[in-house]
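Visitor: Please pick one part of this model and take me through it closely, explaining each term as you go. I would like a connected account that I can follow with the structure in front of me.

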Amino acid sequence: MATEKPAASREMKFFKKITAIPYLLVILALLMPLANVSCNDDKVIAEPNLYEIASGLDLEEALQEPALGMLKKMETGNPKAMEKFKETMPNFPKLEPMPALYAILIGAILSAAFALLTPLGSITLGMLTMVASWALLAQLSQLNAAMGIPLLKVEPGIGIHAASALILIGTAMNMASIIRPIVDEIKARRAAKKKK
């Protein structure tokens, strides 16, 4: 006769399965703007997401007015400024594709998979994914600074905040699935001592 698994064990297995959900939602969160590029008057002129940056962003398509009009005027009226931009971005106004950024998505998927196998591995991969996302944002800020346009600023977008929040939720759930069995074991030992 097969022994029935305790309800606590079944609940824990279910909890481990749903721990993967926040990490999978990171993939959707990164469809939202990763960064907000704004002018000195705080008017947002571009809101690229991770997928656009990874596949190679075309500034002529991504920029909004008035920045797009200024870019077109510079292309015709100020070739020296365009040459300076090309020192930083050789294919200006096109940003080179960065396929390495897809590693952030792979990190989120692996974090979800590891949540089913080993919570500690899931936490580690989740944190690395979050750090990589913020490192990308810092790199975009450096690229903007290197172009020498003091009027532009790059700030975190809603996508990176949402992805980070989801990773932290997944981390908390993984921590709970690590701590819960330890607490249960301590309670069982105390109960066994009381019976003696």
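**A loop glycine and the helix after it**

Guide: Gly157 is found in the loop between strand 3 (153-156) and helix 9, where helices (H or I, at least four residues) and strands (E, at least two) are DSSP runs that are numbered from the N terminus. Before going further, please keep in mind that this is a predicted model, in which local features need pLDDT of at least 70 and side-chain atom pairs count only at pLDDT 80 or more, while totals for chains, interfaces and linings use all residues. Residues are numbered from 1 along each chain as its sequence is written, and side-chain values use heavy atoms, with hydrogens and water left out.

Gly157 counts as buried because its relative accessible area is 1%; buried means under 20% relative accessible area, exposed means over 50%, and partly exposed lies in between, with a 1.4 Å probe and protein chains only. Leaving out residues up to four places away in sequence, Gly157 touches Pro33, Leu34, Ala35 and Asn36, and such a contact means heavy atoms within 4.5 Å. Of these partners, Leu34 is 123 residues away from Gly157 along the chain, yet their C-alpha atoms are separated by 4.6 Å. Seen from the other side, and again without residues up to four places away in sequence, Leu34 touches Pro48, Asn49, Leu50, Ile53, Leu136, Leu137, Glu155, Pro156, Gly157 and Ile160.

Leu34 also leads us into the interior, as it is one of the residues with the most contacts inside the largest nonpolar core, which has 32 residues; the others named with Leu34 are Val26, Leu30, Leu50, Ile53 and Leu136. A nonpolar core is a set of buried Ala, Val, Leu, Ile, Met, Phe, Trp, Tyr and Cys residues joined through side-chain atoms within 4.5 Å. At least two residues of this core come from each of helix 2 (20-29), strand 1 (35-38), strand 2 (44-46), helix 3 (50-55), helix 7 (102-117), helix 8 (119-147) and helix 9 (158-195). Helix 7 gives the largest share, five residues.

Now follow helix 9 to its meeting with helix 2. In general, two packed helices are described by the angle between their axes and the distance between the axes. The axes of helix 2 and helix 9 come within 8 Å and cross at roughly 175°; axes are lines fitted to C-alpha atoms, for helices over the stretch in contact, and angles run from 0 to 180 degrees between N-to-C directions. The two helices are therefore roughly antiparallel to each other, given that angles over 145 degrees count as roughly antiparallel, under 35 as roughly parallel, 65 to 115 as roughly perpendicular and the rest as oblique. On the helix 2 side, Pro22, Tyr23, Leu25, Val26 and Ala29 meet residues of helix 9, among them Gly159, Leu166, Thr171, Met173 and Asn174. The residues of this contact divide into 11 nonpolar, four polar and no charged, where Ala, Val, Leu, Ile, Met, Phe, Trp, Tyr, Cys and Pro count as nonpolar, Asp, Glu, Lys and Arg as charged, and the others, Gly among them, as polar.

Two residues of helix 9 deserve a separate look. Thr171 lies in helix 9, is buried with a relative accessible area of 13%, and, apart from its neighbours within four places in sequence, is in contact with Tyr23, Ile123 and Met127. Asn174 also lies in helix 9 and counts as buried because its relative accessibility is 0%; with residues up to four places away in sequence set aside, Asn174 touches Thr19, Tyr23, Ala115, Pro119, Ser122 and Ile123.

Through Ala115 we arrive at helix 7, where that residue has its place. Ala115 is buried, with a relative accessible area of 1%, and its contacts, leaving aside neighbours within four places in sequence, are Lys16, Thr19, Ala20, Ser122 and Asn174. Ala115 and Met173 are 58 residues apart in sequence and 9.1 Å apart in space, C-alpha to C-alpha. Ile109 is in helix 7 as well, but at 43% relative accessibility Ile109 counts as partly exposed.
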